[in-house]
Amino acid sequence: MDRHRLAVALCLAATVFVVALAAGLALSLNP
Amino acid sequence: MADASTDRQGTRPAAPAPLDRAPVVWLHATGLIALGAGALALPFVVLMTGARPPSQGLARDFSVGLGFGALALAALQFALTGRLRWLTHPFGADIVYLAHRYLSWAALVLMLGHFAIFYIWHRPALGVLNPLEADWELTAGRLSLAAFAALVVTAQFRKPLRLAYERWRALHLVLAVVALGAAVAHVLGVGRFTADPDKRALWLGVTLGWLAVLGWSRLVVPWRQARNPWRVVANRDEGGGVHTLELAPEGRPLRRWKPGQFAWLSIGRSPFSLKEHPFTISTAPERGPNLSFSIKALGDDTARLIRTAPGTRAHVHGPYGAFSVDRAADAAGFVMIAGGVGITPILSNLHALHARRDPRPVVLVYANRTEDDIAFRSELEAMRGDLDLTLVMVLEQAPPGWQGVTGRIDRALLARHLPPASRDWPHMLCGPAPMTGAAAAALRDLGVPSARIDAEVFDLA
């Protein structure tokens, strides 16, 4: 994978990770 | 035999940096990715420890989570742009700046999501818009959203908005601090997850930590630069509108730099000034402690820079970047594709191979619009004597009698001029984004693996 594509993949992964953390927070408060 | 003190007097080249071994670079990158994931998860860990607030419904709690996530992503941008060499090293600073742009858009989308969920399902909680009547912590949230949106939009569309680079940098800095400050005030003011004094202290600590990174890049680094000035000793016209400024260190030379890297350069100004630019170092470390920066007047401050008189004081901060032959120690040869002034990092890499008497073959495809746009022509032609260099000069508008290639870089041109054995060599591309994009697509089409194509991001902002 070239550096540019790696950057795109990492940014997408970081965004999905943060949304998953937000969803985890909401689900843990609303079991 | 020269001793160490002769380094300072310029009689011996500064020691070049060691080659980057791929497993070490990958390990470093993996560690940084883990650190980044930890930084993003940190606010959530803080929220979930100790006393938890009661539920306010799934959508509202998810919205709050999006807000915290957006803040974590936004705060991370201070680290990505903090000129921390240990952070940019494995990826290349150009790619880190690109990630900064993408992640800032992601943070803005999450912030808008946070706001939109409240706007659609819990509008009474937003109160009134008038800041004189609204709760201050909700006004702080709206201010943060507006400042962050302005930050992202002015960065993405600086040129269409006709914002001068220097003015934009000052605006970017102010908006970033306002957006982060207002967001933290919003979190602490709403206080639903931060009522606990320990959590408030931790939040403030995290915020101060991010601001410390900003202080590092804007205060500590310039202070160090002020104590280690450089002097412009020559200004040469290279053709094609490109001028090379040669700088000599008055103090410590640049240490551990690789061919193809760049540095932040400010000339004739205080290092605390925002009028500094990232420029490629166009010579190689083997050439000595003096650094050459080749600059084309493309507007803004560069028109002033190319007229710099010898004797002018300068400040250098670097090196940064990963666009280097030293990243590919195992390569059997190199394909280099340059467009216009994108030749500068490639020239630096060629100088390094030349100085090392490297026997590996290099094919350079160098594209320009007209013959007058070609820079470093005689220098490149002269290198062919000592280096196994195949030079393919491409002009879009060729004059009568032109010996090189006419047209644009495309699949057919590359298929014609690149030897079949070169498919597994590293392909180093630098130039305007449309050119490098088209060249990369053509190379992939010819069967070059993506991992063997590296394009230096040329236009950071």
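Chain A of this predicted model has a secondary structure that consists of one helix and zero strands. Its C-alpha trace spans about 40 × 10 × 5 Å along the principal axes, and of the 31 residues in chain A, 39% count as buried.

In chain B, a pair of packed helices offers a place to begin. Two packed helices are described by the angle between their axes and the distance between the axes. Helix α3 of chain B, which covers residues 58-80, packs against helix α9 of chain B, which covers residues 197-226, at an angle of about 30° and with the axes 8 Å apart. Angles under 35 degrees count as roughly parallel, and α3(B) and α9(B) are therefore roughly parallel to each other. The crossing of α3(B) and α9(B) is left-handed. On the side of α3(B), the contact is made by B:Ala75, B:Phe78 and B:Ala79, while α9(B) contributes B:Trp210, B:Val213 and B:Leu214. The residues of this contact between α3(B) and α9(B) comprise six nonpolar, no polar and no charged.

Helix α3(B) also has a part in the nonpolar interior. The largest nonpolar core has 120 residues, and those with the most contacts inside it are B:Leu73, B:Ala74, B:Ala107, B:Phe148, B:Ala179, B:Met336 and B:Ile346. To this core α3(B) gives the most, with 14 residues. One of the residues with the most contacts inside the core, B:Ala107, can be followed further: when its neighbours within four places in sequence are left aside, B:Ala107 is in contact with B:Ala70, B:Leu73 and B:Ala74.

Methods: Residues numbered from 1 in each chain as written. Chains lettered and ligands numbered in written order. Predicted model: local features only at pLDDT ≥ 70, side-chain atom pairs only at ≥ 80, totals over all residues. Helix = DSSP H or I, 4+ residues; strand = E, 2+ residues; numbered from the N terminus. Buried ≥ 20, exposed ≤ 12 C-beta atoms within 10 Å, placed from the backbone. Axes fitted to C-alpha atoms, helices over the stretch in contact; angles between N-to-C directions. Parallel < 35°, antiparallel > 145°, perpendicular 65-115°, else oblique. Left-handed = near helix turned anticlockwise from the far one by under 90°. Contact = placed C-beta atoms within 7 Å. Nonpolar A, V, L, I, M, F, W, Y, C, P; charged D, E, K, R; others polar. Core = buried A, V, L, I, M, F, W, Y, C linked by C-beta atoms within 7 Å.
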